[in-house]
Amino acid sequence: GRQLLAYTHVYGCQQNVADMELLRGMLAEMGYGFTEKEGDADLILMNTCAVREGAEYRIYGNLGALKRYKEKNKELRLVLCGCMMQEPHVLEYIRNSFPYVDVVFGTHNLVHFPCLLLENLRQRKRVIEVLEDADAIAEGFPVKRDNPYSASVTIMSGCNNFCSYCIVPYTRGREKSRALEHILQEVQELAANG
């Protein structure tokens with residue numbers, strides 16, 4: 001009888017911010033509203049970053065703290081996604097150390113989020129789906145931006161350089177570009193909306 005609320009948190013880069021705007025758009029299409037308080041949420045979604053080890057430890061610490069909300073509200077859904085999930089050792093650690101996390105997915109299957117959440121809700125079991133790679137960048141999905149005067153427009157994802165110090169090719173995959181007409185359409189829509 002009431003609108004479900006989602007709390008979302010982004011760790012990391014501008015690409016993660018853009019991904020979260022896409023995920024928030026999907027949540028809005030599924031009927032979720034949004035809250036700034038974890039304790040009021042029916043769903044907590046964290047988009048993770050794998051660039052710095054400190055960010056990983058913060059996420060583990062936050063997951064530990066979120067356990068109390070899950071204990072109070074058995075219907076609360078905890079969802080993890082993003083670059084950290086693309087690392088096999090991290091995924092295994094999440095799987096074994098945080099059994100109360102309901103849905104886990106990686107950077108290559110953001111568009112599967114509604115189906116993964118529905119599977120979890122229907123079957124009442126943990127859902128983990130991390131793909132090795134994606135064929136293309138998702139197009140045509142709803143986006144929910146927090147700032148009406150600023151927007152990130154993704155033109156490409158991934159990288160082909162495999163620099164010794166960089167994890168991007170391993171967590172985001174090979175370089176993939178959006179079609180020019182999709183980029184132009186998005187920019188025109190943003191301009192038209194102010």
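This passage looks at one buried strand and its neighbours, then at a few salt bridges, in a predicted model.

Start with strand β4, which covers residues 77-82. Six of its six residues are buried, so the rest of the structure largely encloses this strand. That holds for both faces: Arg77, Val79 and Cys81 point one way, Leu78, Leu80 and Gly82 point the other way, and all are buried.

On one hand there is strand β3 (residues 43-48), which pairs with β4 in the parallel sense over six bridges. Within this pairing, Leu45 sits opposite Val79 of β4. Getting from β3 to β4 involves helix α2 (residues 53-72), and the three elements make up a right-handed β-α-β unit. Strand β5 (residues 103-105) also pairs with β4 in the parallel sense, here over two bridges. Val79 turns up again, this time opposite Val103 in β5. From β4 the chain crosses through helix α3 (residues 88-97) to reach β5, and this β-α-β crossover is right-handed too.

Now for the charged side chains. Side chains of opposite charge can pair when their charged atoms come close. The structure holds 11 salt bridges. One of them joins Lys70 and Asp102, with an N to O distance of 2.6 Å. Lys70 belongs to helix α2 and Asp102 to the loop between α3 and β5, so this pair ties together parts that are 32 residues apart in sequence. Both Lys70 and Asp102 are buried.

Another salt bridge brings Lys176 and Asp133 together, and their closest N and O atoms are 3.0 Å apart. Since Lys176 lies in strand β8 (residues 176-177) and Asp133 in the loop between β6 (127-129) and β7 (156-157), the contact ties together parts 43 residues apart in sequence. Burial is uneven here: Lys176 is buried, with a relative accessible area of 14%, whereas Asp133 is partly exposed at 38%.

A third example is the salt bridge between the side chains of Arg145 and Glu186 (2.8 Å, N to O). It links distant parts of the chain, with Arg145 in the loop between β6 and β7 and Glu186 in helix α6 (residues 180-192), 41 residues apart. Arg145 is partly exposed, its relative accessible area being 22%, while Glu186 counts as buried because its 15% relative accessibility falls under the 20% cut-off. This pair doesn't stand alone: salt bridges with shared partners join Glu21, Glu139, Arg145, Arg178 and Glu186 into one network.

Key
Residues are numbered from 1 along each chain as its sequence is written. This is a predicted model: local features need pLDDT of at least 70, side-chain atom pairs count only at pLDDT 80 or more; totals for chains, interfaces and linings use all residues. Side-chain values use heavy atoms; hydrogens and water are left out. Buried means under 20% relative accessible area, exposed over 50%, partly exposed in between (1.4 Å probe, protein chains only). Helices (H or I, at least four residues) and strands (E, at least two) are DSSP runs, numbered from the N terminus. Two strands pair if DSSP finds at least two bridges between them. A crossover is right-handed if, with the strands pointing away from the viewer, the path from the first strand over the helix to the second runs clockwise. A salt bridge is a side-chain nitrogen of Lys or Arg within 4 Å of a carboxyl oxygen of Asp or Glu.
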